[in-house]
Amino acid sequence: MQIAQVRGTVVSTQKEQSLMGVKFILVQLIDEEGQLLPKYEVAADCVGAGVNEWVLVSRGSAARQLPGYEKRPLDALVVGIIDTVSLDNRQLYSKKDQY
Amino acid sequence: MQIAQVRGTVVSTQKEQSLMGVKFILVQLIDEEGQLLPKYEVAADCVGAGVNEWVLVSRGSAARQLPGYEKRPLDALVVGIIDTVSLDNRQLYSKKDQY
Amino acid sequence: MQIAQVRGTVVSTQKEQSLMGVKFILVQLIDEEGQLLPKYEVAADCVGAGVNEWVLVSRGSAARQLPGYEKRPLDALVVGIIDTVSLDNRQLYSKKDQY
Amino acid sequence: MQIAQVRGTVVSTQKEQSLMGVKFILVQLIDEEGQLLPKYEVAADCVGAGVNEWVLVSRGSAARQLPGYEKRPLDALVVGIIDTVSLDNRQLYSKKDQY
Amino acid sequence: MQIAQVRGTVVSTQKEQSLMGVKFILVQLIDEEGQLLPKYEVAADCVGAGVNEWVLVSRGSAARQLPGYEKRPLDALVVGIIDTVSLDNRQLYSKKDQY
């Protein structure tokens with residue numbers, strides 16, 4: 001999985017039928033130094049992530065492993081809201097410190 | 001999924017049998033600033049996207065999740081026409097403003 | 001799919017048993033301006049593409065969607081010979097003009 | 001698979017239900033010269049890898065091939081702790097020499 | 001598939017159970033000019049490739065298409081030893097010329 005920050009939303013009303021009711025969020029990938037990368041995913045969200053939160057995003061067929069998602073044409077899914085990222089002996093990110 | 005803009009079409013008459021009747025469109029990927037990237041996909045289109053429209057494109061096995069598409073050798077599919085892309089507190093794109 | 005040009009062939013006699021009889025061609029990827037990219041795929045060919053022709057190449061599990069290909073360890077397949085590529089209001093490529 | 005070094009951990013309490021109990025470690029990819037790359041994966045760990053150890057990481061659907069992992073939305077898995085990496089006639093890495 | 005050169009071996013004794021007995025070789029990718037790229041794969045080998053030989057490597061779920069490999073967490077597999085690579089009207093590589 002990659003670490004990403006929730007940046008916004010994408011709305012599409014004219015879409016493939018099986019995607020009705022799926023919320024799309026735009027998450028921007030973050031590197032191992034905690035910096036935003038010029039890469040993003042438009043992902044389905046199954047955990048209710050809020051703007052600016054750091055999340056874990058799974059890509060590829062992993063995005064269709066939830067019950068009811070098996071036949072949806074999705075290739076990116078937010079699978080968790082991150083509490084902390086620890087590297088070596090320091091804390092790169094703590095959700096608690098952000099709020 | 002990635003955000004992309006419909007740029008054109010690709011026609012192939014001599015192709016794998018299961019792809020007969022599938023329309024291929026060329027979509028150019030767009031970055032999180034709304035700029036065209038030097039990347040594209042030739043994708044099947046199941047939503048009737050028009051030239052210049054912004055769309056969502058799914059890649060990999062996601063492209064074969066529609067009924068009747070399971071056994072077609074496709075790795076990219078346009079799954080929705082985008083109405084709006086919102087980032088932070090601004091609107092990066094609105095289909096309404098384009099026409 | 002990506003657009004690619006047939007550049008050559010790769011011969012391997014000592015290979016995984018299920019690949020016996022599969023012809024491998026080397027196709028070089030082409031960007032959205034029609035220029036060759038420093039990227040290629042060695043792909044199985046199911047359409048009889050000839051040298052210099054522009055083709056559509058599918059990657060990943062898409063390459064194993066043909067009858068009889070399901071259990072072959074392939075990750076790239078030429079799925080069509082391109083007649084035309086049209087971008088905006090101009091024709092980027094026409095097979096007819098090449099010969 | 002790619003070679004990677006264990007750098008830290010990612011904690012997420014609010015996550016997709018099927019991921020409960022899965023430990024996420026952050027592994028940074030290593031190039032063929034033994035240098036850290038600016039690329040990482042947050043991977044599930046099934047071998048008990050420790051900080052600084054070199055590991056093998058599998059990506060994509062490979063990450064869901066363990067018994068009980070089939071329906072978890074994972075796209076990266078640490079599959080082995082590396083003892084040695086040998087290139088040409090020299091040893092690029094030996095776990096024994098690190099401790 | 002990509003063209004790669006066998007560079008060495010990776011040994012891991014503490015690994016996922018289903019990988020016991022699988023030999024891992026490190027193959028470095030080669031570009032369409034025949035030059036080594038700064039990219040590699042640690043791949044399972046089912047053809048007995050030797051150091052310095054050029055091989056074909058399949059990535060992703062293709063690596064699990066051999067009988068007995070279906071449930072192993074592998075994402076790269078050497079599927080053939082290359083005899084010749086021909087581009088345009090010249091021979092880029094011939095195994096015979098190397099020995």
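Chain A of this predicted model has a mean pLDDT of 96, and 99% of its residues reach 70 or more. The model as a whole scores ipTM 0.96 and pTM 0.96. A word of care still applies: where pLDDT is low, the predicted coordinates should not be read in detail. Below you will find salt bridges, aromatic pairs, charges over rings and one strand residue with its contacts.

**Salt bridges**

- Searching the whole structure, over all chains, turns up 15 salt bridges.
- One of them joins R59(A) to E41(A), with the closest N and O atoms 3.3 Å apart. Because R59(A) belongs to strand β5 (residues 54-59) of chain A and E41(A) to strand β4 (residues 36-45), this bridge ties together parts that are 18 residues apart in sequence.
- The two partners differ in surroundings: R59(A) is partly exposed at a relative accessible area of 32%, whereas E41(A) is buried at 7%.
- In chain B, the side chains of K95(B) and E53(B) meet in a salt bridge at 2.9 Å, N to O. K95(B) sits in the segment after β8 (90-94) and E53(B) in the loop between β4 (36-45) and β5 (54-59), so this pair connects parts that are 42 residues apart in sequence.
- E53(B) has a relative accessible area of 10%, and it is therefore buried, the cut-off being under 20%.

**A bridge between chains**

- D88(D) and R7(E) form a salt bridge whose closest N and O atoms are 2.6 Å apart.
- This pair crosses from one chain to another: D88(D) lies in the loop between β7 (84-87) and β8 (90-94) of chain D, while R7(E) lies in strand β1 (residues 2-11) of chain E.
- Is each end buried or partly exposed? D88(D) counts as partly exposed, with 40% relative accessibility, and R7(E) is buried, with a relative accessible area of 12%.

**Aromatic pairs**

- Over all chains, the structure holds 5 aromatic pairs.
- Among them are W54(B) and Y93(B): their ring centres are 4.0 Å apart and their planes meet at 5 degrees, so the pair counts as stacked. Since W54(B) is in strand β5 of chain B and Y93(B) in strand β8, the stack ties together parts that are 39 residues apart in sequence.
- Both of these rings belong to buried residues, W54(B) at 8% relative accessibility and Y93(B) at 4%.
- In chain D, W54(D) and Y93(D) are stacked too, because their ring centres are 4.0 Å apart and their planes are at 5 degrees. W54(D) is part of strand β5 (residues 54-59) and Y93(D) of strand β8, so here as well the linked parts are 39 residues apart in sequence.
- W54(D) counts as buried at 8% relative accessibility, and Y93(D) counts as buried at 4%.

**Charges over rings**

- In chain C, R72(C) lies over the face of Y69(C), at 4.8 Å from the ring centre.
- In chain E, the charged end of R72(E) sits over the ring of Y69(E), 4.8 Å from its centre.

**A strand residue in chain D**

- Q91(D) is located in strand β8 of chain D, and with 47% relative accessibility it counts as partly exposed.
- Which residues does Q91(D) contact, leaving aside its neighbours within four places in sequence? They are T84(D), V85(D) and S86(D).

Methods: Residues numbered from 1 in each chain as written. Chains lettered and ligands numbered in written order. Predicted model: local features only at pLDDT ≥ 70, side-chain atom pairs only at ≥ 80, totals over all residues. Heavy atoms only, no water. Salt bridge = Lys/Arg side-chain N within 4 Å of Asp/Glu carboxyl O. Helix = DSSP H or I, 4+ residues; strand = E, 2+ residues; numbered from the N terminus. Buried < 20%, exposed > 50% of the residue type's maximum accessible area, 1.4 Å probe, protein only. pLDDT = per-residue confidence, 0-100. Contact = heavy atoms within 4.5 Å. Phe/Tyr/Trp six-rings, centres within 6.5 Å; stacked < 30°, edge-to-face > 60°. Lys NZ or Arg CZ within 6 Å of the ring centre and 35° of its normal.
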